[in-house]
Amino acid sequence: MDEQALREALRSEAAEQPFDPGAVGRAVERGRAHRRRRRTALVAAVPVVALAAGGMTAALSGGRLGAETGEAPVARGVGSSLPRPLPLLTQRAQPEAMMLANASGTVTVAENGCLSLFTGSGFMPVAWAAGSTAVTGDDGRIVLYDAGGRRQAAEGDEVQFAGGYQALTSLSGELVGAVECALGETSVFLAQGPVEVLRAAQTAG
Amino acid sequence: MSTPPFEHWAHRAGPGLRRIAGLLCDHAADADDLVQETLVKVYLRWSRISRLENPDAYVRAMLANQHLSMRRSQSRDRRGRRWPGAPAEVSHGEPAVVERSALADALAGLGARQRAVVVLRYYCDLSDEQIADALGCSQRTVRSQASRALARLRTTAAAEELG
């Protein structure tokens, strides 16, 4: 095969590749969602910076401000206890029909920083229920909340929930959030029932 | 100068990106994913990319790099992160047996980087310097990858002719 023949063959092959115009809308949608998440994180960080700066000013001015207002320790460690949103892959909407396969394992933060389920032999990529969020709790563990803000489980908890896995290609537009949380797999487990904690993690202290 | 809307650009450039993605990937679904991921990244950086002299060339490079990155990630994850109950065969939403052209078969036999070099050089008509810039490697690497890829494609073509 000479170079010219290769050029022609590639052009011919490429001509048969169809483009889905819907990809543009989906890219815009996902891009906006990404920006919203980033903005939320920034908005959450602003008061901390302000408080930290206020605390520092108070310290520099002799540390009396805190003593007078009773809020001196406000800057101490506040950064570490701030709820920090975690990358999370979720479903866009509640399913019309439930899948009833059972998933069980330990809620774990995978290497890529996403909340996943560790089954004992590997990480199961999970698309959590629509509206779920995950933030760092007071004890430093990641806590999963449902769409109503109710606590579902925390990092280290052994849990089970219903659902089923599905190919990402068949879920076009149905997932939102951090696609990297699919752990590079081509299918994910859609969590569709409530997360039931079988055994809560032991916490220090 | 006002920024052209991302959507207008994407609708115009999308088919071209999809054609390149189709040459880079073995499966149509993977090519669709590759274009989708690239478009999201372009959207997020559009205010900067739209001011470039040649945004299309920049995005082609992004696409090629995204492809290499996704291939690395898939390869890593498929090695050690299967979970119980996962399907042995990954469904790509395509029939189990897909009629592929001889060229597609031959391209499938190349490594990801070799394939990217072939596509950028012989389909996108980029120079070795542009390919090296796009893939973040030296021109020497581009030349050696292209040479190996061509040799392999010739071997495949010869084998097919022999039947």
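In chain A of this predicted model, residues 24 or more positions apart supply 68% of the contacts that have a separation of 6 or more. The chain holds four helices and twelve strands. Of its 205 residues, 37% are buried.

**Strand β11 of chain A**

Strand β11(A) covers residues 187-191. How many of its five residues are buried? Five of the five are, so the strand is largely enclosed by the rest of the structure. In a regular strand, side chains alternate between the two faces of the sheet. Here Ser187(A), Phe189(A) and Ala191(A) point one way from β11(A). Val188(A) and Leu190(A) point the other way. All of these residues are buried, whichever way they point.

Which strands are joined to β11(A)? One is β5(A), residues 126-127, which runs parallel to β11(A) and is joined to it by two bridges. Another is β9(A), residues 158-167, which runs antiparallel and is joined by five bridges. Phe189(A) takes part in both pairings. Its bridge partner in β5(A) is Val126(A). Its bridge partner in β9(A) is Tyr165(A).

**A three-strand sheet in chain A**

Strands β6, β7 and β8 of chain A form an open sheet, in that order, with antiparallel pairing. Which strands stand at the edges? They are β6(A), residues 133-136, and β8(A), residues 151-154. Each has a single partner strand, so one side of each lacks a neighbour in the sheet. From one strand to the next, the twist averages 25°.

Strand β7(A) spans residues 142-145. Three bridges join β7(A) to β8(A), and the two run antiparallel. Within this pairing, Val143(A) stands opposite Ala154(A) of β8(A). In general, strands of a sheet pair through backbone hydrogen bonds, either parallel or antiparallel.

The strand pairings with bridge counts are set out below.

| Strand | Joined to | Direction | Bridges |
|---|---|---|---|
| β5(A), residues 126-127 | β11(A) | parallel | two |
| β9(A), residues 158-167 | β11(A) | antiparallel | five |
| β7(A), residues 142-145 | β8(A) | antiparallel | three |

**Aromatic rings in chain B**

Over all chains, the structure holds six aromatic pairs. One of them joins Phe6(B) and Trp46(B). Their ring centres are 5.8 Å apart, the planes meet at 75°, and the pair is edge-to-face. Phe6(B) lies in helix α1(B), residues 6-24, and Trp46(B) in helix α3(B), residues 46-49. The two residues are 40 apart in the chain, and the pair links distant parts of it.

Are these two residues buried or exposed? Phe6(B) has a relative accessible area of 3%, so it is buried. Trp46(B) is at 7%, so it too counts as buried.

Trp46(B) also pairs with Trp9(B). The centres are 5.2 Å apart and the planes lie at 40°. Why is this pair called tilted? Planes under 30 degrees apart count as stacked and those over 60 as edge-to-face; 40° falls into the rest, so the pair is tilted. Trp9(B) sits in α1(B) and Trp46(B) in α3(B), 37 residues apart, so this pair again links distant parts of the chain. Trp9(B) is buried, with a relative accessible area of 6%.

Together, Phe6(B), Trp9(B), Tyr43(B) and Trp46(B) form one aromatic cluster.

**Helix α1 against helix α6**

Helix α1(B) also meets helix α6(B), residues 112-123. Their axes come within 9 Å and cross at roughly 140°. Are the two helices parallel, antiparallel, perpendicular or oblique? Angles over 145 degrees count as roughly antiparallel. The crossing angle stays below that cut-off, and the helices are therefore oblique to each other. The crossing is right-handed.

On the α1(B) side, the residues that meet α6(B) are Arg19(B), Ile20(B), Gly22(B), Leu23(B) and Leu24(B). On the α6(B) side, they are Arg115(B), Ala116(B), Val119(B) and Tyr123(B).

**Ala132 in helix α7**

Ala132(B) lies in helix α7(B), residues 128-135. At 5% relative accessibility, Ala132(B) counts as buried. Which residues does Ala132(B) touch, leaving aside those up to four places away in sequence? They are Cys137(B), Ser138(B), Gln139(B) and Val142(B). Val117(B) is 15 residues from Ala132(B) in sequence and 8.9 Å from it in space, C-alpha to C-alpha.

How values were computed: Residues numbered from 1 in each chain as written. Chains lettered and ligands numbered in written order. Predicted model: local features only at pLDDT ≥ 70, side-chain atom pairs only at ≥ 80, totals over all residues. Heavy atoms only, no water. Phe/Tyr/Trp six-rings, centres within 6.5 Å; stacked < 30°, edge-to-face > 60°. Buried < 20%, exposed > 50% of the residue type's maximum accessible area, 1.4 Å probe, protein only. Contact = heavy atoms within 4.5 Å. Pairing = 2+ DSSP bridges. Axes fitted to C-alpha atoms, helices over the stretch in contact; angles between N-to-C directions. Parallel < 35°, antiparallel > 145°, perpendicular 65-115°, else oblique. Left-handed = near helix turned anticlockwise from the far one by under 90°.
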